[in-house]
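Here are a few short exercises on charged side chains that pair up. Have a go at each one before you read its solution.

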Amino acid sequence: MKRFHVHLHVQDLQASIAFYSRLFSAQPARIETDYAKWMLEDPRVNFAISTRGSKPGLDHLGFQVDSAEELVEMKAAAQNADMAMLDEGETTCCYARSDKHWITDPQGVAWEQFHTLGDIPVFNEASQPASGAACCAPTKPTAAACCAPNTVATASCCGPATSSKSSCC
């Protein structure tokens, strides 16, 4: 079963945790020094916030699936829609090990499609850039940023443009 995913950048993590905990009438399922996540059931949402990123607001949207088979189906649908894709395969991000790929809508909003394989004790296992970027979502093809490919189809996050895989979230 799919779960909608939203990731926001926030300036004040503690104030945001307090706000969203009251809004959702639930405490986060995971809290770290720079990150919090709620796994809500009604509606089924993986809602995450972090202090990583250049400015507050929407980082990316996505779908979390429960099985590798569901991820294959979502990937096929994205490919059938002729969407440029960044296929990271198995990678680490947001305190989890996942199999994932990214697509970007016509407005430049990044969409993550992923299957979580397990938790890890760090945000990701790749070295972080000095800029403080979240290093998660691809950006608009015209906007170059740390860890965001200029072309979603071939470049990798935090790596050389010739690689099709990444260890960065």
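A salt bridge here means a side-chain nitrogen of Lys or Arg within 4 Å of a carboxyl oxygen of Asp or Glu. Keep in mind that this is a predicted model. By that rule, the count comes to nine salt bridges.

**Exercise 1.** Work out which parts of the chain the salt bridge between Arg44 and Asp66 links.

Solution. Start with the distance: the closest N and O atoms of Arg44 and Asp66 are 3.3 Å apart, and the two form a salt bridge. Next, place the partners: Arg44 sits in strand E4 (residues 44–50), while Asp66 is in the loop between strand E5 (57–65) and helix H2 (68–80). So the pair links distant parts of the chain, 22 residues apart. Finally, look for shared partners: salt bridges join Arg3, Glu41, Arg44 and Asp66 into one network.

**Exercise 2.** Find out what the pair Asp87 and Lys75 ties together.

Solution. First, the side chains of Asp87 and Lys75 meet in a salt bridge, at 2.3 Å from N to O. Asp87 lies in strand E6 (residues 85–93) and Lys75 in helix H2, so the pair ties together parts that are twelve residues apart in sequence. As for exposure, Asp87 is partly exposed at 26% relative accessible area, and Lys75 is partly exposed at 23%.

**Exercise 3.** Now do likewise for Glu125 and Arg97.

Solution. Their closest N and O atoms are 3.1 Å apart, in a salt bridge. Glu125 lies in the segment after strand E8 (110–119) and Arg97 in strand E7 (residues 96–104), so this pair ties together parts 28 residues apart in sequence. Glu125 counts as partly exposed at 49% relative accessibility, and Arg97 is partly exposed at 27%.

Notes:
Residues numbered from 1 in each chain as written. Predicted model: local features only at pLDDT ≥ 70, side-chain atom pairs only at ≥ 80, totals over all residues. Heavy atoms only, no water. Helix = DSSP H or I, 4+ residues; strand = E, 2+ residues; numbered from the N terminus. Buried < 20%, exposed > 50% of the residue type's maximum accessible area, 1.4 Å probe, protein only.
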